[in-house]
Every structure is written in structure tokens, then in C-alpha cells.
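Student: I would like to go through some labels used for a structure and the cut-offs behind them.
Tutor: Put the structure up and ask.
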Amino acid sequence: MRLYEFEGKAFFQKFKIPASEGKVITTAAEAPATAELIGFPVVLKAQVLSGGRGKAGGVKVAQNAAEALKFAQQIFALTIKGYPVEKLLIEPALDIEREIYLGVTIDRANYKLVLIGCAEGGVEIEETARTNPEKIVKIPFEIDDSIYAYHGIQMAQALGLSGNDLKSVSDINVRLFNLFKKLDAKVAEINPLVRTKDGKWIAADARLALDDDALFRHPEVAEMGIGARHEEGELTAREKVAREWGIPYVDLDGDIGMFPGGAGFGIVGNDFIHHYGGKPANFMDSGGGPTPDRIAKMLVLLDENPQVKAIFGARFGGISRCDDFAKGVVQFLREHGLTKPMVVRMTGNKWEEGLKIFESARHESPALFNRLEFHGIETPIEDIAKRAVELAKLA
Ligand code: GDP
Ligand code: MN
């Protein structure tokens with residue numbers, strides 16, 4: 001379970017990691033009075049379960065009430081990485097002099113915990129790990145190890161800090177590690193940990209993810225009101241619609257809409273798409289023998305996703321039937337229309353009936369099929385994936 005920044009900061013305060021105290025609002029109209037109460041300048045921050053808010057325009061400093069209202073309206077209108085902004089955190093703005101990164105997570109490959117630091121914070125650490133891995137400092141721990149002051153000092157020194165900075169940052173290292181262990185966290189990250197112009201170190205952001213299977217050990221999490229709303233909050237707008245429609249669906253960050261015949265086919269399709277240099281925009285299962293109506297809705301999800309450049313479809317009729325599949329696709333073409341290029345392969349149970357449905361629909365209204373490339377058993381699934389990658393590149 002991922003936590004919102006303001007929830008993460010509440011835990012930071014419990015573990016004596018310095019973090020600003022702010023207030024959360026749910027409408028822009030509340031912004032001026034809340035900001036006034038906190039005192040200008042304030043920072044307004046979108047609360048969504050994803051990073052990259054700064055880049056997306058979700059973090060703004062306001063100098064007065066009018067600005068607070070204007071920025072709050074702008075931020076509430078945003079959708080960041082698929083998450084509509086429904087909560088906004090207002091805090092006293094920090095006068096930032098420098099930003100560093102601190103984090104604790106699980107090193108799954110080596111069965112260890114790892115304290116991570118980087119002298120350059122604020123940017124996404126995954127990005128730095130890719131472009132400048134030598135800038136990232138790691139201190140590994142066995143699962144049962146405790147952290148000691150000297151570990152904190154070792155990290156702070158490796159980040160080039162000395163004097164008071166060394167003392168403050170090494171303390172924060174120790175506290176962050178203890179928080180991670182006490183809460184059974186999966187990730188505890190401060191990015192950025194900032195030094196203000198008056199020399200104080202303070203967490204400007206908080207990213208915490210807790211282990212759902214250990215939540216029973218942490219009644220305080222539920223007492224803080226964290227939990228129930230998260231399941232909803234962790235879904236993107238499209239995932240919410242999919243859930244309402246009964247379609248197991250997850251947004252990914254590629255550009256190929258995946259319209260597979262089932263979860264297994266979805267996984268294989270995902271592998272093939274990657275193999276040919278493409279990236280899926282989603283994972284989707286049809287949720288058991290799907291009705292034509294559900295098939296049509298699956299396509300609506302993909303076609304309406306602005307990220308999708310081409311659609312990859314693969315239906316192997318096993319328990320599900322190709323005639324239902326064809327009916328669903330035709331229903332979609334008639335009621336909604338296909339705006340993206342799509343390549344589909346269909347074979348298996350009742351494929352001849354399915355083919356007839358396609359042929360008669362095409363005969364009736366050929367234009368509906370303009371963007372659809374249709375294949376049967378003669379084309380291997382690899383070729384369909386390869387073609388989908390080509391279509392996405394052409395688009
Ligand atoms: P993220 O982009 O989702 O990781 O959001 P962050 O909370 O990390 O904010 C992004 C950036 O906004 C930070 O790296 C800071 O540069 C800036 N920022 C955040 N809080 C403040 C603040 O209180 N004052 C100022 N001036 N900048 C801030
Ligand atoms: Mn951040």
C-alpha cells in the first residue's frame with residue numbers, strides 16, 4: 001500500500017524526521033483561507049500516489065491568497081500519470097538551498113535491506129540510477145540488522161557532508177531506517193531532503209509504501225484513517241472504469257494497447273511486444289468467457305486511451321468463443337468506431353462462425369474495418385506482435 005505524501009509526513013513526525021506540517025484540502029475554494037492560516041509563502045502540492053508531480057505542474061509556491069486560489073484551481077484540474085488530483089497539501093514554503101536523496105528499500109536480488117543516498121536529490125532516483133549509477137551510494141543490511149550512528153555518518157560522509165550537515169543528515173538516516181523497519185515498509189524515501197537557507201535539514205517530500213501482509217501488526221495505520229480509501233486512490237481513472245465494467249485491467253506506460261484473449265495470452269503478448277522493441281500501454285484480462293458487450297468495452301478502454309498508438313489483439317477461443325469475440329468487436333466498430341490501427345488474430349473454438357460474423361459485417365460496412373488488420377491461424381502470434389510494434393512506430 002502506497003501512502004500519500006501527507007500521510008508519509010505524519011509518520012516522519014512520529015519518528016522525529018523533520019517535515020513541514022501542512023493541511024489537506026479537497027476543493028480550490030478552501031485554498032486562500034488555509035494558506036492564510038499557514039502564512040505566506042506557501043507551497044501547494046498535488047496529493048496523488050505517484051511521483052513526478054513537480055514536473056507535471058503539481059507543485060507550486062504561492063505568495064498571496066489570490067495566487068493560492070489560482071494555483072489550487074490549476075492543480076485540481078490536473079491528472080498526473082493517470083491520477084486525477086483530488087487532494088491538495090498546503091505547507092509553509094521552504095527556502096531551499098540544496099536537495100539530496102535518502103531512501104531505504106528491499107534489495108530483492110540480494111535478500112537484503114539497503115540504505116540509499118544521492119547527493120543530487122529532487123530528480124527521480126530511477127533516472128539517476130540509469131544515467132549516473134556511480135552517484136548513488138548504497139549501504140546494505142541483513143534483514144535483522146540494526147542501524148547504528150556510524151552507518152548514518154558513513155552515508156552522510158559519502159554524500160560529501162561535514163559539520164552540522166553531517167550530524168543532521170546522519171540522524172535522519174538512522175530515523176528513516178528505523179521507521180522503515182518498525183512500519184514493515186517496502187519503500188521509505190525522502191526525495192528531496194532539503195537544506196534550507198538557514199541551514200536546517202527537512203523532508204520536502206515523503207514516499208512510503210507499506211507491506212499489506214504486515215498491516216495487521218500496525219493498527220495505528222488504520223487508526224490514522226489510512227487504508228480504505230487507498231484501494232480506490234491507487235487506481236487510475238481508466239482502471240476505475242475497468243473495475244466498474246468488471247474487466248481486470250492495469251495501466252502501463254507504453255503505447256501498444258493490449259487486447260488479449262486472457263491473462264496467459266496477455267503475458268505472452270507482453271513478452272512478444274517487448275521482444276520486438278515495443279511497450280504495452282496496459283495489461284488486461286477478459287475476466288472469464290466474456291460476453292460481446294464486455295469485449296466491446298475492453299476495446300473502448302484501449303481506443304480512448306490517448307497513450308495508445310496501436311492495438312494488439314489475440315483471441316484463442318478455448319472456453320470463450322470466437323463468435324462472441326467477433327460479435328463484440330463488430331459491436332465496438334459500429335457503436336464506437338476504431339480510431340487507432342489494430343491488428344488481431346483469432347483462432348480456436350467457433351472461429352469459423354466468428355469469421356462469418358466479421359465477413360458479413362465487413363460486407364455491410366467496409367469502412368468500419370479500415371483500420372483493422374485481421375488474421376487467422378495462418379499467422380503466428382509473433383508476427384502479430386511484430387506488426388503491432390510496427391503500427392505503433394508508424395503512428
Ligand atoms: P515530486 O515531483 O512528486 O517528487 O514532488 P516533490 O515533493 O519532490 O517536489 C518536487 C520539487 O518541488 C522539489 O524537488 C523541490 O524542488 C520543489 N519543492 C517542493 N517543496 C517545496 C517548497 O516548500 N518550496 C520550494 N521552493 N520548492 C519546493
Ligand atoms: Mn519528490
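Student: Why is Asp205 called buried?
Tutor: Buried means under 20% relative accessible area, exposed over 50%, and partly exposed in between (1.4 Å probe, protein chains only). Asp205 has a relative accessible area of 18%, so Asp205 is buried. This is a predicted model, in which local features need pLDDT of at least 70 and side-chain atom pairs count only at pLDDT 80 or more, while totals for chains, interfaces and linings use all residues. Side-chain values use heavy atoms, with hydrogens and water left out.

Student: What makes Asn191 and Asp205 donors of the manganese ion (ligand 2)?
Tutor: Donors are N, O and S atoms within 2.8 Å of the metal (3.2 Å for Na, K and Ca); water is not among the atoms, so sites may look incomplete. Asn191 (O) and Asp205 (OD) lie 2.2 Å from the ion. Asn191 is in strand β10 and Asp205 in the loop between β11 and β12, so the pair ties together parts 14 residues apart in sequence. Asn191 also counts as buried, at 11% relative accessibility.

Student: Why are α12 and α13 called roughly parallel?
Tutor: Angles under 35 degrees count as roughly parallel, over 145 as roughly antiparallel, 65 to 115 as roughly perpendicular and the rest as oblique. The axes of α12 (residues 322–335) and α13 (residues 351–364) cross at roughly 20° and come within 7 Å. The two helices are therefore roughly parallel to each other.

Student: Gln331 is in helix α12; is Gln331 buried or exposed?
Tutor: The relative accessible area of Gln331 is 19%, so Gln331 is buried. Gln331 touches Pro292, Asp293, Ala296 and His336, not counting residues up to four places away in sequence; contact means heavy atoms within 4.5 Å.

Terms used
Residues are numbered from 1 along each chain as its sequence is written. Chains are lettered from A and ligands numbered from 1 in the order in which they are written. Axes are lines fitted to C-alpha atoms, for helices over the stretch in contact, and angles run from 0 to 180 degrees between N-to-C directions. Helices (H or I, at least four residues) and strands (E, at least two) are DSSP runs, numbered from the N terminus.
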